[in-house]
Amino acid sequence: MKILVAVKRVIDYNVQVRVKEDGTGVVTDNVKMSTNPPDDNAVEEAVKIKESGKAKEIVAITIGEEKAQETVRKALAVGADRGIHVKVDGVVEPLAVSKILQKIVDKEKPDLVFMGKQAIDDDCNQTGQMLAALLNWPQATFASKINVKESSLEVTREVDEGLETIEVNIPAIVTCDLRLNEPRYASLPNIMKAKKKPLEQINASDLGVDTKARIEQIKVEEPPKRKAGIKVANVSELVQKLKNEAKVI
Amino acid sequence: MSVLLIAEHNNKELRPFTYNAVSAASKIGDDLHILVLGNKSEAVAKSASEIPNVKKVIHIDNEIYENFIAENYTSAIIKHADTYSHIVCSANTFGKNLMPRIAALLDTSQVSDIIKVISADTFLRPIYAGNAFATVKSNDKKKCITIRPTSFEPAPVKGGSAEIVKSEAGEAFNNSKFVKREEIKSDRPELGTARVVISGGRGMQNSENFKLISAIADKLNAAIGASRAAVDAGYITNDHQVGQTGKVVVPDLYIAVGISGAIQHLAGMKESKIIVAINKDGEAPIFSVADYGLEADLFEALPQFLEELNKLNTIQK
């Protein structure tokens with residue numbers, strides 16, 4: 001079995017994001033970037049499946065500017081076998097990303113495609129489902145547990161009401177929740193070794209996918225600020241304030 | 001503008017957030033139709049037809065829709081998509097799972113999780129866990145949109161009498177199969193719609209201590225929330241998680257107990273009307289969004305809080 005794992009480079013989850021003064025976006029200069037957190041879970045799960053003997057090869061793929069490669073190198077350092085970097089500058093919407101991934105799937109013919117359930121920059125939560133639609137494959141989204149069977153996966157999904165279990169036939173798309181596993185750290189020797197693993201570069205334009213944005217970003221602004229609150233001295237003051245000032249209890 | 005709203009339901013009744021989605025959809029266009037896909041779901045179609053502003057209900061009843069599998073829903077929705085300018089549904093796990101599958105087949109770039117309708121093609125949506133708001137204009141002919149339900153008031157339940165039109169099921173998808181659902185039954189209000197929410201974080205230390213939270217929740221008729229740290233640690237089940245990748249809540253009163261206030265948690269609760277933070281670390285970021293902050297050991301503060309509440313003559317329900 002072969003697993004394709006898609007990873008995205010985003011502003012690190014610990015960074016306090018700031019909006020640019022001209023309203024064109026958020027500040028990315030000199031800001032720490034890393035792999036989108038649930039994409040790390042997707043890589044980890046693929047590696048675990050390979051370690052259990054159920055997968056032979058893991059291919060990590062990213063789509064984006066030159067530096068997006070770092071996310072693939074990180075995946076290679078924790079156990080992916082080879083990498084693909086589809087080069088494209090600027091914002092690529094999930095629809096275009098899924099079309100690029102479709103081209104790569106046609107070429108690589110993986111049995112499974114894993115990725116995070118949502119990217120923490122645009123918060124779209126679309127790519128996995130779109131890719132599944134384009135390929136006419138089943139989709140197991142928001143996965144917190146995966147049980148690999150002979151020709152199917154049993155996947156536990158985190159849904160609003162609790163947990164749902166579905167069974168999807170392979171080939172399938174899985175989008176991963178943060179609770180799926182605990183991603184490992186790459187050891188220094190493995191980081192060194194990863195530098196020697198193959199990483200293929202492809203230009204998005206060579207794949208024949210139109211990556212032009214369909215959605216115009218008119219402006220980006222700071223959300224309204226909450227007005228500063230107060231500290232109360234003790235519980236009885238808190239209850240009095242809630243009762244008489246805020247009138248919420 | 002003709003808008004098709006995909007109903008979220010449990011085959012017996014509409015899920016509450018469908019009513020919020022109706023409000024948002026009405027702001028996009030007047031000609032609003034609701035599509036109900038279910039199994040033995042007549043009552044759902046009837047409820048949908050009673051919502052004012054709804055012009056037509058399309059009802060497709062078939063066993064393949066029993067468990068709301070997105071792959072089965074998609075073929076039926078695509079069959080009906082032609083005559084609509086917009087296809088919309090709630091941005092909860094139901095809609096997040098479903099809508100992109102439809103959008104991709106319609107070759108439309110979806111606009112996710114809108115919090116405001118500016119015009120029929122322009123919307124406001126949060127990005128970066130709500131640390132920025134983007135105004136976006138969709139240039140696709142047909143628009144696929146998911147709606148953040150808590151950003152819109154629910155539509156009235158009664159008053160309308162739309163016609164219900166029956167339609168044929170779409171093609172069944174045989175590579176996905178429902179196995180089981182583990183719903184946690186509770187007599188408490190739903191987290192997404194509760195007027196009061198009290199949430200616990202890592203500071204709760206274990207699941208046993210959540211009893212301190214539930215005692216207060218009982219008293220205030222509140223829903224119980226949690227930070228991701230508390231869910232990850234196994235103190236409480238995932239359906240309680242509030243945050244960027246959990247639920248977004250906008251109650252009148254949100255009480256955060258033993259929650260430090262990571263960006264990802266704030267994304268799910270900072271639009272609440274009144275926020276209370278109880279934390280022993282006076283520097284915790286949660287205090288920056290709290291209207292009332294109490295720097296205290298939660299194991300002392302929570303029993304006192306309950307005691308003070310018991311002293312009050314009346315508590316709003």
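Two residues are taken to be in contact if their C-beta atoms, placed from the backbone, lie within 7 Å. With that in mind, note before selecting anything that this is a predicted model.

**First stop: two helices of chain B**

Select helix 5 (residues 210-220) and helix 8 (residues 298-311) of chain B, whose axes come within 9 Å and cross at roughly 15 degrees. Angles under 35 degrees count as roughly parallel, and helix 5 and helix 8 of chain B are therefore roughly parallel to each other. Show the side chains where the two meet: from helix 5 of chain B come B:Leu212, B:Ala215, B:Ile216 and B:Lys219, and from helix 8 of chain B come B:Leu302, B:Pro303, B:Phe305, B:Leu306 and B:Leu309. Coloured by class, this contact of helix 5 with helix 8 of chain B shows eight nonpolar residues, no polar ones and one charged residue. Seen along the line between the helices, the crossing of helix 5 and helix 8 of chain B is left-handed.

**Second stop: the six-stranded sheet**

Keep helix 5 of chain B on display and add the open sheet of six strands in the order 13(A)-16(B)-15(B)-14(B)-12(B)-13(B), in which the pairing is parallel. The edges are held by strand 13 (230-232) of chain A and strand 13 (223-226) of chain B, each with a single partner strand, so one side of each has no neighbour in the sheet. From one strand to the next, the twist averages 20 degrees. To see where chain A joins, select strand 13 of chain A and strand 16 (residues 292-295) of chain B, which pair in the parallel sense over three bridges; here the bridge partner of A:Ile230 is B:Tyr292. Helix 5 of chain B packs on this sheet, touching strand 12 (196-200), strand 13 and strand 14 of chain B, and its direction makes about 175 degrees with that of strand 12 of chain B.

**Third stop: B:Tyr235**

Now centre on B:Tyr235, in the loop between helix 6 (228-232) and strand 14 (253-257) of chain B. Is B:Tyr235 buried or exposed? With 22 other C-beta atoms within 10 Å, B:Tyr235 is buried, because the threshold for burial is 20 or more such atoms. Leaving aside neighbours within four places in sequence, the residues in contact with B:Tyr235 are B:Met204, B:Asn206, B:Ser207, B:Phe210, B:Ala226 and B:Ala230. A distance drawn from B:Tyr235 to B:Val276, which is 41 residues away along the chain, spans 21 Å between their C-alpha atoms.

**Fourth stop: the ten-stranded sheet**

Move to the open sheet of 10 strands, ordered 11(A)-5(A)-4(A)-1(A)-6(A)-10(A)-7(A)-8(A)-9(A)-11(B), where the pairing is mixed. Strand 11 of chain A and strand 11 of chain B stand at its edges, and each has a single partner strand, so one side of each is left without a neighbour in the sheet. Neighbouring strands of this sheet are turned against each other by 30 degrees on average, direction ignored.

Begin at the edge formed by strand 11 (residues 199-203) of chain A, which is hardly covered, with zero buried residues among its five. Strand 5 (residues 82-87) of chain A pairs with strand 11 of chain A in the parallel sense over five bridges, and A:Lys87 stands opposite A:Asn203. Further along, select strand 6 (residues 112-116) and strand 10 (residues 172-176) of chain A, which run parallel and are joined by five bridges, with A:Met115 partnered by A:Thr175. At the other edge, strand 9 (residues 162-169) of chain A and strand 11 (residues 176-183) of chain B run antiparallel, joined by seven bridges, and A:Thr165 stands opposite B:Lys180.

**Fifth stop: helices 3 and 4 of chain A**

Add helix 4 (residues 127-135) of chain A, which lies across strand 6, strand 7 (139-148) and strand 10 of chain A, running at about 85 degrees to strand 7 of chain A. Helix 3 (residues 94-108) of chain A packs with helix 4 of chain A at an angle of about 50 degrees, their axes 9 Å apart, and the two helices are therefore oblique to each other. The crossing of helix 3 and helix 4 of chain A is right-handed. The contact of helix 3 with helix 4 of chain A divides into nine nonpolar, three polar and one charged residues.

**Last stop: the two chains together**

Finally, colour by chain: 73 residues of chain B are in contact with 64 residues of chain A. On the side of chain B that touches chain A, the residues divide into 31 nonpolar, 23 polar and 19 charged.

How values were computed: Residues numbered from 1 in each chain as written. Chains lettered and ligands numbered in written order. Predicted model: local features only at pLDDT ≥ 70, side-chain atom pairs only at ≥ 80, totals over all residues. Buried ≥ 20, exposed ≤ 12 C-beta atoms within 10 Å, placed from the backbone. Helix = DSSP H or I, 4+ residues; strand = E, 2+ residues; numbered from the N terminus. Pairing = 2+ DSSP bridges. Axes fitted to C-alpha atoms, helices over the stretch in contact; angles between N-to-C directions. Parallel < 35°, antiparallel > 145°, perpendicular 65-115°, else oblique. Left-handed = near helix turned anticlockwise from the far one by under 90°. Nonpolar A, V, L, I, M, F, W, Y, C, P; charged D, E, K, R; others polar.
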